[in-house]
Amino acid sequence: MAEGRVVGIDLGTTNSLVAYMQGEAPVVIPGVDGSNLVPSVVALDPMPAGGGRPTVTVGNSARKSLIETPERVIYSVKRLMGRGLQEVQSELKLFPFRLADDVEVGEVPRIQLGELRFTPSEISAYILRQLKRNAERFFSEPVTQAVITVPAYFNDAQRQATKDAGRMAGLEVLRLVNEPTAAALAYGLDRAKVGTIAVYDLGGGTFDISILKLRDGIFEVQSTNGDTHLGGDDIDNLLLAIALDEIHAEHGVDLRKHPSAVQGLRKDAIDAKIRLSTEAVARFDIELPNGDRYQREIPREVFEQLIEPVLERTAGPCKQALADAGLTPEQIDEVVLVGGSTRIPAVRKLVDDLFHLAARGKKPHIELNPDEVVALGAAVQADILAGSSKSTEEMLLLDVTPLSLGIEALGGTVARIIQRNSTIPASATEHFTTGVDGQTNVAIHVVQGERELAADCRSLARFDLKGIPPMSAGLPRIEVRFLIDADGILKVSAREQRSGKAARIEVKPTYGLTDEQVESMILDSFDHAEDDFAKRLLIEARNEAETILSAVERAPQSPAWQQLRGEEQGAITAARDRLAQIKQGEDAAAIRDATLALDQATRRFAELMMDAAVTTAIRGKTMENAGEEMGDAVTAPHPMAQAEFK
Amino acid sequence: MLKVLDSAVPVACWSCAVAHNDATLFCPHCSKIQPPPGGDYFSVFGLVPHLDLDLSELEHEFHRLSRKLHPDRFARAADNEKQWSLADTALLNDAYRTLREPIHRTEYLLKLHGAAIGEEHSGKDRKDPSRVPADLLEEVFELNMQLEEMRAARKMGETDAELQASLEQAKRKFDGLMDEVDHDLRAQWKAWDEGDAGARAAAQKAMVALLDRRRYLNNLVRDVTETLGA
């Protein structure tokens with residue numbers, strides 16, 4: 001097989017991106033709408049009238065459904081990756097995740113979207129497939145290999161779930177890279193060759209801190225720590241909860257009962273949060289279903305007090321990472337800020353205090369866009385793996401495992417076999433024996449975590465060593481080798497030493513999908529057919545053209561159309577006619593260009609329509625009413641201005 | 001897979017079939033990566049077992065070997081080479097982790113030479129009076145009383161400044177004793193590295209005793225730190 005490109009993917013809680021190495025510099029690949037960020041939102045279109053499976057849409061075009069059909073949309077699915085049913089319960093209070101109710105404890109939770117149900121890995125696979133398609137559109141050639149980033153503090157199950165998602169999307173995942181390490185790679189390309197750096201990564205849903213030593217192109221992680229459930233989402237939820245409570249208390253309206261109104265309000269909360277990074281005050285001004293207005297000013301000081309407990313939760317992991325690396329704050333030469341939440345001034349102040357930056361005349365690094373830096377680093381790592389490029393041939397990443405690996409011992413205590421912050425790949429060999437005469441199998445419970453009792457750690461898997469030759473108790477000597485690979489995923493092999501027989505291991509992951517299950521969830525097979533790739537590009541380009549054309553066709557019926565100036569209307573009509581004509585041809589690239597042009601021409605129209613949709617939802621109108629009022633034109637492809645989440 | 005401790009045993013390269021010694025990570029003839037070699041952690045770095053290591057040299061060699069062995073260099077290689085890269089790098093990392101840390105290095109070398117070391121040997125129950133080094137018996141007894149008192153006071157939500165100060169002083173003392181042990185260990189390293197068989201045996205015995213004492217002190221300091229920090 002010809003060796004194709006390897007792309008780097010940041011599969012984020014809020015946004016996802018795909019990037020590649022263009023010569024000596026990593027570059028983000030934009031989507032068909034010209035945007036670098038693909039919102040990590042997946043929506044299920046209505047059931048087709050003739051039966052069959054409904055279409056799944058991803059990104060900006062899925063986002064509009066958040067307000068129209070919230071029961072068919074999911075976002076922040078990363079919070080659910082690799083987690084058990086019980087762990088997920090706590091998320092349900094704040095996120096409108098609807099779990100299928102007949103899933104048993106021990107099974108992977110299924111998310112109910114409309115009439116269908118999906119595992120978190122499948123949802124992520126749809127996002128990955130979109131990124132894969134964006135890259136293929138961009139290169140006009142198939143893309144089958146990728147590097148995907150994960151939070152450094154992701155455990156084994158969360159990593160495996162991410163890798164499964166890649167496979168479902170038709171991508172060979174050459175490596176999982178930790179997000180903060182990827183960020184360091186992105187910065188490392190043109191930085192000083194020697195030094196110790198800390199990467200503080202506060203994203204939408206996860207927090208990581210990593211400390212690295214740089215030397216002659218080798219990026220050696222010294223320690224890492226974090227919290228896989230801490231991020232910008234938590235800040236949004238605080239603002240949202242205040243608004244909901246106050247609206248309930250002051251106006252007697254319980255918006256919590258209206259999912260679409262909550263979504264609208266969440267958008268306002270996010271807007272307010274973003275505004276407070278640059279302005280001294282933000283305002284809520286919302287019309288309620290009973291005609292009242294909820295008006296509220298949030299000064300920055302109040303906001304900072306509100307979020308202090310959330311931000312404070314990042315301090316502990318930072319101190320622990322420093323202690324584990326055996327370093328004082330003064331020994332950190334550079335601090336890199338990653339993740340959209342590091343735009344908040346209070347976060348920067350906290351980082352400054354933690355690492356004594358201002359006192360040493362230093363500033364954190366923010367030169368690279370914090371939303372893009374992880375994807376850029378993933379592209380650098382992809383280039384290292386492809387092994388064909390001069391610019392990265394001297395670079396090598398040595399990462400660590402974030403959590404200790406242990407075995408449940410007698411009495412439920414944990415015997416640690418691989419310590420946290422060990423450079424990966426790492427291995428350990430343990431010996432087991434039988435306790436009863438003639439015993440032919442031994443069960444081993446593997447856990448991940450730092451607590452003393454197995455019950456307090458994260459259960460990884462139960463291994464059943466089978467086929468041990470029957471012998472007196474204590475005589476068999478079974479050697480089990482535990483190996484954490486370069487992706488941070490555990491592999492186990494075993495051998496009975498007296499008989500020399502390889503013991504059969506049955507692995508029962510505590511959370512996670514079996515190989516067969518993953519196989520059965522691989523997204524539609526035509527993605528793998530490389531022969532008719534050109535044909536597929538053409539079909540896809542035509543489909544995209546079709547979608548936007550049919551939306552624009554209905555545009556004049558929308559009230560928002562009347563708000564456009566005459567020349568704006570004219571520009572849309574001209575772009576529409578051009579696309580309709582080019583669509584008949586066979587040139588996929590030309591169709592895409594014309595689609596993009598039409599999309600650009602309709603951007604302001606889409607924004608106007610989105611504003612109308614939000615207002616309607618907040619007013620608590622039913623969807624049917626809203627549909628009548630706005631016409632069906634709300635199906636325009638990119639209804640939300642992309643800049644909003646920047 | 002051949003597993004021999006004698007690194008002089010020749011094996012045939014899987015790729016070019018030329019024989020080479022089994023402690024090699026790469027075939028000297030065709031440079032292809034080889035399955036994990038037999039031999040100890042020292043031989044991974046081409047060293048004979050000894051204790052007084054040059055750490056910056058060790059790091060340099062670790063980086064050099066990582067560049068050649070790491071799975072990132074084999075992302076698109078054949079499956080067998082991928083497997084060996086993973087296994088060899090795990091071995092390299094395990095070896096580096098053990099050798100760069102003085103106490104781990106000492107314990108590892110002594111175990112290679114048949115010494116029994118570790119929790120199972122020294123006993124997990126620190127309260128067992130027979131495990132207490134004789135010269136510390138009185139102080140440890142006193143310390144344990146104070147720790148109990150401190151924990152009881154904490155439970156009641158009280159603070160006892162005098163007790164706190166006394167515990168902090170005890171911690172400093174035991175920290176100092178640990179430093180002494182480390183100093184003595186280093187002296188034994190030299191004796192082991194440079195001595196003849198007799199001197200080595202004596203050094204080995206002394207180091208086993210020092211490591212036991214160190215582990216005991218370490219547990220004490222940890223107890224005090226935990227109680228103070230609680």
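Helices (H or I, at least four residues) and strands (E, at least two) are DSSP runs, numbered from the N terminus. This is a predicted model, where local features need pLDDT of at least 70, side-chain atom pairs count only at pLDDT 80 or more, and totals for chains, interfaces and linings use all residues. Residues are numbered from 1 along each chain as its sequence is written, chains are lettered from A and ligands numbered from 1 in the order in which they are written, and side-chain values use heavy atoms, with hydrogens and water left out.

**Exercise 1. Work out the make-up of chain B.**

Step 1: count the elements. Chain B has eight helices and two strands.

Step 2: read along the sequence. The pattern is β-β-α-α-α-α-α-α-α-α.

Step 3: check burial (buried means under 20% relative accessible area, exposed over 50%, partly exposed in between, with a 1.4 Å probe and protein chains only). Of the 230 residues in chain B, 43% are buried.

Step 4: look at contacts (heavy atoms within 4.5 Å). Take the contacts in chain B with a separation of 6 or more: 59% of them come from residues 24 or more positions apart.

**Exercise 2. Find what the buried residues of α4(B) pack against.**

Step 1: list the buried residues. Helix α4 of chain B covers residues 102–112, and its buried residues include B:I103, B:Y108 and B:L110. Two charged-type names to spot in that list are B:R105 and B:E107. Step 2: find the neighbours. These residues pack against α1 (41–44), α2 (55–69), α3, α7 (161–194) and α8 (197–229) of chain B.

Step 3: see what follows. After α4(B) comes B:G114, with a positive phi near 90°.

**Exercise 3. Trace the open sheet in chain A and find its edges.**

Step 1: get the strand order. Five strands line up as β17-β12-β13-β14-β18 in chain A, with mixed pairing. Two strands pair if DSSP finds at least two bridges between them.

Step 2: pick out the edges. In chain A, β17 (334–338) and β18 (396–398) each have a single partner strand, so one side of each is left without a neighbour in the sheet.

Step 3: check the twist. On average, neighbouring strands of this sheet are turned by 25° against each other, direction ignored. Axes here are lines fitted to C-alpha atoms, for helices over the stretch in contact, and angles run from 0 to 180 degrees between N-to-C directions.

Step 4: go pair by pair. β12 (residues 194–202) and β13 (residues 207–215) of chain A are antiparallel over nine bridges, and A:A198 has A:I211 in β13(A) as its bridge partner. β13(A) and β14(A) are also joined by nine bridges in the antiparallel sense, with A:K213 partnered by A:E220 in β14(A). These two strands make a hairpin with two residues between them, and A:D216 in the turn has a positive phi of about 50°. β14(A) and β18(A) pair in the parallel sense over three bridges, and A:F219 sits opposite A:L397 in β18(A).

Step 5: ask how enclosed β14(A) is. Eight of its ten residues are buried, so β14(A) is largely enclosed by the rest of the structure.

Step 6: add the helix. Helix α6 (residues 179–188) of chain A lies across β12, β13, β14 (218–227), β17 and β18 of chain A, and runs at about 130° to β12(A).

**Exercise 4. Show which residues of α16(A) are buried and how they are arranged.**

Step 1: check the length. The expected span of a helix is 1.5 Å times one less than its number of residues. For the 17 residues of α16(A) that gives 24 Å, and the end C-alpha atoms are 25 Å apart, which agrees.

Step 2: list the buried residues. They are A:E568, A:Q569, A:I572, A:A575, A:L579 and A:I582.

Step 3: look down the axis. The buried residues of α16(A) fall within an arc of 160°, so they line one face of the helix. The arc is that of the directions from the helix axis to the C-beta atoms.

Step 4: turn to the other face. Away from the buried side, α16(A) carries the exposed residues A:G566, A:E567 and A:Q581.

**Exercise 5. Compare the settings of three salt bridges: A:E568 with A:R604, A:D485 with A:K491, and B:R97 with B:D94.**

Step 1: apply the rule. A salt bridge is a side-chain nitrogen of Lys or Arg within 4 Å of a carboxyl oxygen of Asp or Glu. Over all chains the count comes to 44.

Step 2: take A:E568 and A:R604, whose closest N and O atoms are 2.9 Å apart. A:E568 lies in α16 (residues 566–582) and A:R604 in α18 (residues 603–618) of chain A, so the pair ties together parts that are 36 residues apart in sequence. A:E568 is buried at 15% relative accessible area, while A:R604 is partly exposed at 35%.

Step 3: take A:D485 and A:K491, with closest N and O atoms 2.9 Å apart. A:D485 is buried at 5%, and A:K491 is partly exposed at 40%.

Step 4: take B:R97 and B:D94, which meet at 2.5 Å, N to O. Both lie in helix α3 (residues 79–100) of chain B, three residues apart, about one turn of the helix. B:D94 is buried at 6% relative accessibility.

Step 5: look for shared partners. A:K163, A:R175, A:D487 and B:D72 are joined into one network by salt bridges that share partners.
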